[in-house]
Structures are given as C-alpha cells and as structure tokens.
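Visitor: I'd like to walk through this model with someone who can point things out. Could you take my questions one at a time?

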Amino acid sequence: MRIAAFRPKGKLYPFVRTFGAPATLGVCLLLSAGAHASPDAKAIALHKYETLKTRVMGNDLTVNWAEFRTVAVDAGMESSFDWHPTRARVLKDLDAGNTESALAGAQTVIAHNMANPEGHLLAMMVYQQLGLESAADREHSIVDAIVKSIMSTGDGLSVQRALSTVSASEEEFVVNMVLDADTESQASVQKDGESFDRRTVRSEDGAEHVLWFHSSVQPVAVAANVLPQ
C-alpha cells in the first residue's frame, strides 16, 4: 500500500504547481550535524523542542514550525529512531483493518519526533478509516503547517531560491508525499563551499525532474549561538 500524496488545505503550494511543467526545479542540503552536537547545544535544542512539543500537544498549532523542525534535528530526534519500518507496519495494519495497532504505530512515530510530518500523516489516515473526522482534520492541519513551512522558503527553481529542509527525511516527504514522485537517483554536489543534494525524480506522468535541497540546520560549531532563546 502506497500513501496517497498529501493534499494541502486551500490553494496548492507554489512549488507543486511548477512541478507539472517541463522545467528543472531546485533546492540544497547541508547535512545536519545534530547527531554530533556539543552537549550544551544539544541540551538547548532539546529544551526548545520540548517547549514547542508541549504547545502542539495543547492544540497550539501556531508554533514556528521551521524552528520546531530545526531544533528537533539538533536535539537528535531524527537520528535516534528509524520510522520507516514502523510506517510499513502501519500501512499493513491499515490494509488488514487493524486500526488499533495502526494508530499505535503512528503515535510511536509522532512520539519520537513531533515535527516529522510522517507520523501525523499516518495518524490522519487511521483516524479517517475510523471515521474520526475531527481527529483526522487536526493531524491534517499539522501536516499542512509543516509542509507550508518548507514550501514557503522558495520555489525550488534555482539554488538561490531553494526550498529549505532540515533532514533527508523531509526531502523524502516533499518528493513522495507532496509531489507524488519517486527518486530515481541522487548525488551530493559542492557549490560555493556548501554541500547540495541533487535528486532526479520521476513524477506521476512519467516526466523526469531535477530537485536540489537546502538545509537550514546550522553547523555544530555555531549551534549554541544561533538556537532560539
């Protein structure tokens, strides 16, 4: 079972509209150093992550999602748990009608990183299958907010107007869930002293596109100084 492409609330994201055209798209990735952050920087990030997590759990979806995504990576949330096997089990449970197990799996992904859209999308699917529209709509709103915080950073048509991501996981989500495409190949490219991730992807209509991803995660050496107070 493949997860259907995520459908945003209201108007489509600008980047999605350009994807259907025969154009070359763009974005950059500077690999996150969160897994190797200094103890002080990691502690600051973890404190900020827990603060924002508490707000979201209290139904405050007005948090700065770009900030939330960044501190989640700096706090080590992305490096401490591989959600891919859990997602596969959730989809299998949904196919079999085991909604209780599927919901538990989705909540496990969310618990490990509340700023990762994957768990919220899975939870939305489970709630929809259960007919719990209010709960499903809340999860949809969270995914929508996360995706908008990524897609609003640029149109992806050049490195200078790149989309900003904080992890390879987010790149996957943009390609698979937002653009409904598959990665054919990817390579790291150095440009102006920075590392870029170039993905060649194939869209649903069979066309190939080149995507470049840029990360907003700061190098470890300055992480303690740039993290929000």
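Visitor: Is Phe 196 buried or exposed?
Guide: Keep in mind that this is a predicted model. Phe 196 is found in strand β3, and its relative accessibility comes to 5%. Since the cut-off for burial is under 20%, Phe 196 counts as buried.

Visitor: How far apart in space are Phe 196 and Phe 213, C-alpha to C-alpha?
Guide: Along the sequence, 17 residues separate Phe 196 from Phe 213. In space, the C-alpha to C-alpha distance between Phe 196 and Phe 213 is 6.4 Å.

Visitor: Which residue in β4 stands opposite Arg 199?
Guide: Happy to trace that one. Strands β3 and β4 run antiparallel and are joined by six bridges. Following Arg 199 across to β4, you arrive at Leu 211.

Visitor: Which residue in the hairpin of β3 and β4 takes a positive phi?
Guide: Look between the two strands, where the hairpin has five residues. The positive phi there is near 90 degrees, and it belongs to Gly 206.

Visitor: What is the order of the strands in the open sheet?
Guide: Let's build it from the pairs. β2 and β3 (residues 194-202) run antiparallel through nine bridges, and six bridges join β3 to β4. β1 pairs with β4 in the parallel sense over three bridges. Pairing is therefore mixed, as strands can pair either parallel or antiparallel, and the order of the four strands is β1-β4-β3-β2.

Visitor: Which are the edge strands?
Guide: In the order β1-β4-β3-β2, look for strands that pair on one side only. Those edge strands are β1 (163-165) and β2 (182-191).

Visitor: What is the bridge partner of Thr 165 in β4?
Guide: β1 and β4 share three bridges in the parallel sense. Going from Thr 165 over to β4, the partner is Ser 215.

Visitor: At about what angle does helix α8 run to β3?
Guide: Helix α8 (residues 168-178) lies across β1, β2, β3 and β4 (208-215). Taken against β3, the helix runs at about 30 degrees.

Visitor: Which residues of the largest nonpolar core touch the most other members?
Guide: In soluble globular proteins, nonpolar side chains tend to be buried together. Here the largest such core holds 52 residues. Among the elements that each supply at least two residues are α2 (39-57), α7, α8 and β4. The members touching the most others are Phe 68, Leu 121, Val 147, Met 151 and Val 178.

Visitor: Which residues is Val 178 in contact with, leaving aside neighbours within four places in sequence?
Guide: Two of the core members just named, Val 147 and Met 151, are on the list. Taken whole, the contacts of Val 178 are Tyr 13, Val 16, Val 147, Met 151 and Phe 173.

Visitor: Is Asp 144 buried or exposed?
Guide: Asp 144 has its place in helix α7 (residues 133-151). Beyond four places away in sequence, it touches Phe 6, Pro 8, Lys 9 and Tyr 13. With a relative accessibility of 4%, Asp 144 counts as buried.

Visitor: What share of the residues in the chain is buried?
Guide: The chain comes to nine helices and four strands, and exposes about 10700 Å². Of its 229 residues, the buried share is 50%.

Definitions and conventions
Residues are numbered from 1 along each chain as its sequence is written. This is a predicted model: local features need pLDDT of at least 70, side-chain atom pairs count only at pLDDT 80 or more; totals for chains, interfaces and linings use all residues. Side-chain values use heavy atoms; hydrogens and water are left out. Buried means under 20% relative accessible area, exposed over 50%, partly exposed in between (1.4 Å probe, protein chains only). Contact means heavy atoms within 4.5 Å. Accessible areas come from the Shrake-Rupley method with a 1.4 Å probe; for residues, only the protein chains shown count as cover. Two strands pair if DSSP finds at least two bridges between them. Axes are lines fitted to C-alpha atoms, for helices over the stretch in contact, and angles run from 0 to 180 degrees between N-to-C directions. A nonpolar core is a set of buried Ala, Val, Leu, Ile, Met, Phe, Trp, Tyr and Cys residues joined through side-chain atoms within 4.5 Å.
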